[in-house]
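Subject: Structure handover and notes

Hi,

Here is the structure I promised to pass on to you. Please open it alongside this email, and then read on for my notes.

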Amino acid sequence: MSRRTSLFATVLVLLAACGAPADVRTDAGAGTGAGIVSPDSALLEEVTGSPPEDVPSALERIDDPALPDPLVDESEVISGGPPPDGIPPIDTPRFVPAADVNWLTPDEPVLAPAIGETARAYPVRIMIWHEIVNDSIDGRPVVVTYCPLCNSALAFDRRLGDRVLTFGTSGLLYRSDLVMYDRQTESLFSQIEGRAIAGVLAGAELERIPVQTVTWAQWQQANPDGWVLSRETGVSRDYGANPYTGYDSPDGSPFLFEGEPDPRLPAMQRVAGLGSAEDPVAVPLADVVEGGVVELIVGGGPVVVWAVEGLRSPLDEQRVHQGRPVGATGAFDPVVDGNHLRFSRDGDHFVDAGTGSRWNVLGQAVDGPLAGTRLEPVEHLDTFWFAWAAFHPATRIADLG
């Protein structure tokens, strides 16, 4: 089956799943606790949002004359196949203690937002079917998102002025990226940009929360007392299956992407994207995995980007845990208490030359004089080159030679 045929089949699978019965979950073929639902899952915090507002809806009509002009070419905002919320967001997320999870494999990806006294992990095997989790962490309203077509994981604060937003999947794509909508005003939000591109909130930007994609083993080792998003989502999905089989192909092309990808790198090459619109930079992931550590100046300040092998692509094989290894990254401010640390990779950890302390991929010093110290995370995005360049056309490519 060709990649294009496979992706067309994906749309059919997602459309068929829209009508699946509630309160059933499967994990067939995962090989670890398939079909088991933990009785210990918990609703950690109530998820709330402001009331819906009686305003014109960009979700219903992006060019409604009663709305501000869209901030993007509306012809680039296209249907991805499923209807609004046909890919159902998770609005009442339940969690299980990390110690009770036996259905994740060591090298498969989880999303790790840098927020909360007690860490939470969002397995990509669940996110790939839902794309949005409306959550609250330590009383802070947040939304955790994942777009499979761009392999982009981002988290945001759901507060916008006096509003507390909740988000759904619009069924639309902009430059192949997830378009979210808020249920309060039905404005449309570009996931990668984190801003409203149409509707009464057009131009409003969400506050971004740094998030890493790391292996389950890496996260669990660092957070043995943490919480993991449960498979108790209220809908039936084959968690563990990859509905985008074959999409993550280094010589492939993006799906439902209008225009020509930036030719400086192969469209589907993985990069770590850093910096704002003033100084965007792309770091080829393979180069970081090979070298271990890269230090850059981004936006006038130092940033250390590091990577370790092992993390598997969720968008490659039919089962998420069987994808090819691609590597897990982190990006951090290397200055601690006024001291600029210099790092090198040592196995699956990193060592700073000044103190000899050892650090994990999440930026935590696990032993040595600085044990217990955490590096300040820097916002970065692990994604495909076509997506980063489409939203940051002025980006430079880091010269690691």
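Below are my notes on aromatic pairs, charges over rings, two loop residues and a cavity.

Please keep in mind that this is a predicted model.

**Aromatic pairs**

I began with the rings. The structure holds 11 aromatic pairs. One of them joins Phe95 and Tyr122, edge-to-face, with 5.8 Å from centre to centre and 90° between the planes. Phe95 belongs to strand β2 (residues 95-97) and Tyr122 to strand β4 (residues 120-123), so this pair ties together parts that lie 27 residues apart in sequence. Both partners are in the buried class: Phe95 because its relative accessibility is 1%, and Tyr122 because its relative accessibility is 0%.

Another pair is made by Tyr247 and Phe384. Their ring centres are 5.9 Å apart and the planes meet at 85°, so this pair, too, is edge-to-face. It links distant parts of the chain, 137 residues apart: Tyr247 sits in the loop between β16 (227-229) and β17 (270-274), while Phe384 sits in strand β29 (residues 380-384). Tyr247 is buried, at 0% relative accessibility, and Phe384 is buried with a relative accessible area of 0%.

There is also a cluster to look at: ring pairs link Trp306, Phe332, Phe343, Phe350 and Trp359.

**Charges over rings**

Phe95 comes up again here, as Arg120 lies over the face of its ring, at 5.0 Å from the ring centre. Elsewhere, Arg175 is placed over the face of Phe391, with 5.7 Å to the ring centre.

**Ser176**

The next residue in my notes is Ser176, found in the loop between β10 (167-174) and β11 (177-182). Is Ser176 buried or exposed? Its relative accessibility is 0%, so Ser176 counts as buried. The side chain of Ser176 reaches the backbone oxygen of Phe255 at 2.6 Å. Setting aside neighbours within four places in sequence, Ser176 is in contact with Cys147, Leu149, Cys150, Phe255, Leu256, Phe257 and Phe386, and also with Tyr247, the ring partner of Phe384 described above.

**Arg324**

Arg324 is in the loop between β20 (301-308) and β21 (328-333). With a relative accessible area of 28%, Arg324 is partly exposed; the buried class would need a value under 20%. Which residues does Arg324 contact, leaving aside its neighbours within four places in sequence? They are Asp248, Pro250, Arg270, Leu311, Arg312, Ser313 and Asp316. For Leu311, the C-alpha to C-alpha distance to Arg324 is 8.3 Å, with their positions 13 residues apart in sequence.

**Cavities**

The structure holds four cavities of 30 Å³ or more. I looked at the second largest, which has about 130 Å³ of space. Its lining is made up of 17 residues, and the closest to the centre are Asn151, Thr213, Arg270, Leu311 and Asp382. Among these, Arg270 and Leu311 are also contacts of Arg324. As for the strands, β7 (152-157), β17 and β29 each supply at least two residues of this lining. Strand β29 is also where Phe384 sits.

If you have the model open, Ser176 is a handy place to begin, with Tyr247 among its contacts. From Tyr247 you can step across to the ring of Phe384.

Happy browsing, and best wishes!

Note on methods: Residues are numbered from 1 along each chain as its sequence is written. This is a predicted model: local features need pLDDT of at least 70, side-chain atom pairs count only at pLDDT 80 or more; totals for chains, interfaces and linings use all residues. Side-chain values use heavy atoms; hydrogens and water are left out. Helices (H or I, at least four residues) and strands (E, at least two) are DSSP runs, numbered from the N terminus. Buried means under 20% relative accessible area, exposed over 50%, partly exposed in between (1.4 Å probe, protein chains only). A polar contact is a pair of N or O atoms within 3.5 Å; within protein, one must be able to donate a hydrogen and the other to accept it, and residues adjacent in sequence count only if both atoms are side-chain atoms. Contact means heavy atoms within 4.5 Å. Rings of Phe, Tyr and Trp (its six-membered ring) pair if their centres lie within 6.5 Å; planes under 30 degrees apart count as stacked, over 60 as edge-to-face and the rest as tilted. A charge sits over a ring if NZ of Lys or CZ of Arg is within 6 Å of the ring centre and within 35 degrees of the ring normal. On a 1 Å grid over the protein atoms alone, a cavity is a set of points where a 1.4 Å probe fits but cannot get out, and a pocket is an open set with protein on both sides within 12 Å along at least five of seven lines; lining residues have an atom within 4 Å of a point. Grid points are joined across faces, edges and corners, and a volume is the space filled by probe spheres set on the points.
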